[in-house]
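Q: I'm new to this one. Could you take me through a single part of it in some detail, namely the surroundings of the ligand and whatever leads up to them?

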Amino acid sequence: MKNILVTGGAGFIGSNFINYILNKRDDYFIVNLDKLTYAGNLENLKEVESKKNYTFIKGDIVNSELVNYIFEKYKIKYVINFAAESHVDRSILGSEIFFRTNVIGTNVLLEAAKRFNVERFLQISTDEVYGSLGPTGLFTEKTPVAPNSPYSASKASADMMVQSFNHTYGLPTLITRCSNNYGPLQFPEKLIPLMILNALKDKKLPVYGDGMNVRDWIYVIDHNKAVELVFENGKIGEVYNIGAGNEMPNIEIVKIILKNLNKSEELIQFVKDRPGHDKRYAIDSSKIQNDLKWKPEFNFESAIVNTIEWYLKNKKWWERIVSGEYQNYYNKQYSDRI
Ligand code: NAD
Ligand code: DAU
């Protein structure tokens, strides 16, 4: 049995990961440590909550006493760190919590991992640590780290701490850097679910700037299959980029969503740009494809339709979110843009 601490497992990617992996493997015992911030939701984990090889602990990765207790009690030998403050716009509104969770929290986990001699520590990072691309070129693992937002700066800082623990103490670490994810269970502050829900409610769709910023989209299950491969077979000390080679300008995504929902493009509203908005992300994933034989399985045209259908079928899941605390954030975020 592999005793694995998964952090942030109640969020979008982490809960998709736990649901996927526990459906497949009986040899993993997963301890899910999650603070249940606005982005964490235990409803995401209904299908695994009664499994014998799963347990949930509500808590903060910054709390070293708790983290050490968990390592000891559950004999943790593996860590997959999904926990983070993950939204760029929120980091622009206030950076402190990003530094606290993403940098200090990762450091607490690293210290505990060192103390308890873990066998693999996988840091879930992001392509945003590389900064922004011009009209051509791709991020490779050798692209210098040059983050631009408080969010990406905190993630890059965490990556550097991870690498320093590998270099200095020989901690067996791995890092993945993935592009923009979409799929079920994504909190509706991110582009795709926000646009789906606004369209369903006939609200305006706020597109930043001219809508020509480019992101490289990957379905969350493709990301998680790559995480599984890196966790199992990745070479210690290495970084692996993950991307599905699916670059698109934001405006194109928004139009696809409207078309699928049979809604008018008149709902689109161009608003004030995100400060410091990165122009383009695009991933070269040839390393993970060649070394670990990973390849994306989902194509955007059908996976976006699945995603839209999921939001249509799971109104209860998102209705509580959009009527609660999120509404305050939404109003604050968009009132001075529109
Ligand atoms: P999310 O915001 O949906 O979920 C984050 C989870 O972490 C939540 O369940 C939250 O409660 C938990 N959390 C936050 N602070 C915590 C703390 N101090 N202690 C314990 N738990 C805490 O994020 P996501 O989109 O699922 O992203 C997961 C990871 O993947 C993040 O590290 C993010 O940087 C990275 N990533 C995300 C994307 C993307 O497109 N969403 C792409 C590449 C990498
Ligand atoms: O690239 C990986 C990163 O992708 C992850 O590390 C982050 O955790 C994740 O949030 C995501 O960051 P982005 O900033 O790229 O994602 P977001 O969904 O916030 O925005 C995608 C693009 O859409 C971006 O160019 C900004 C634009 N946008 C976003 C929102 C929320 C809009 O035009 N309007 C909006 O209302």
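A: **Around ligand 1**

Let's start with a contact: in this predicted model, a polar backbone atom of Phe12 sits 3.1 Å from an oxygen atom of ligand 1. The backbone of Ile124 also offers a polar atom, 3.5 Å from a ligand oxygen. With Lys155 it's the side chain that takes part, where an N or O atom is 2.7 Å from an oxygen of ligand 1. On its own, ligand 1 has 840 Å² of accessible area, and the protein covers 97% of that.

So who's doing the surrounding? There are 28 residues around ligand 1, and the nearest are Ile13, Asp34, Ser86, Tyr151 and Lys155. By type, the shell splits into 12 nonpolar, 12 polar and 4 charged residues. Helix 1, strand 5, helix 5 and strand 7 each give two or more residues to it, with strand 5 giving the largest share, at 3 residues.

Asp34, one of those nearest residues, takes us to strand 2. All 7 of the 7 residues in this strand (28–34) are buried, so the rest of the structure largely encloses it. Tyr28, Ile30, Asn32 and Asp34 point one way, while Phe29, Val31 and Leu33 point the other.

Strand 2 has neighbours, too. Strand 1 runs parallel to it, joined by 6 bridges, and Val6 has Asn32 as its bridge partner. To get from strand 1 to strand 2, the chain passes through helix 1, making a right-handed β-α-β crossover. Strand 3 is parallel to strand 2 as well, with 5 bridges between them, and there Lys58 stands opposite Asp34.

Note on methods. Residues numbered from 1 in each chain as written. Chains lettered and ligands numbered in written order. Predicted model: local features only at pLDDT ≥ 70, side-chain atom pairs only at ≥ 80, totals over all residues. Heavy atoms only, no water. Near = heavy atom within 4 Å. Polar contact = N/O pair within 3.5 Å; in protein donor to acceptor, adjacent residues only side chain to side chain. Areas by Shrake-Rupley, 256 points an atom, 1.4 Å probe, with all protein chains shown as cover. Helix = DSSP H or I, 4+ residues; strand = E, 2+ residues; numbered from the N terminus. Nonpolar A, V, L, I, M, F, W, Y, C, P; charged D, E, K, R; others polar. Buried < 20%, exposed > 50% of the residue type's maximum accessible area, 1.4 Å probe, protein only. Pairing = 2+ DSSP bridges. Right-handed = clockwise from strand over helix to strand, strands pointing away.
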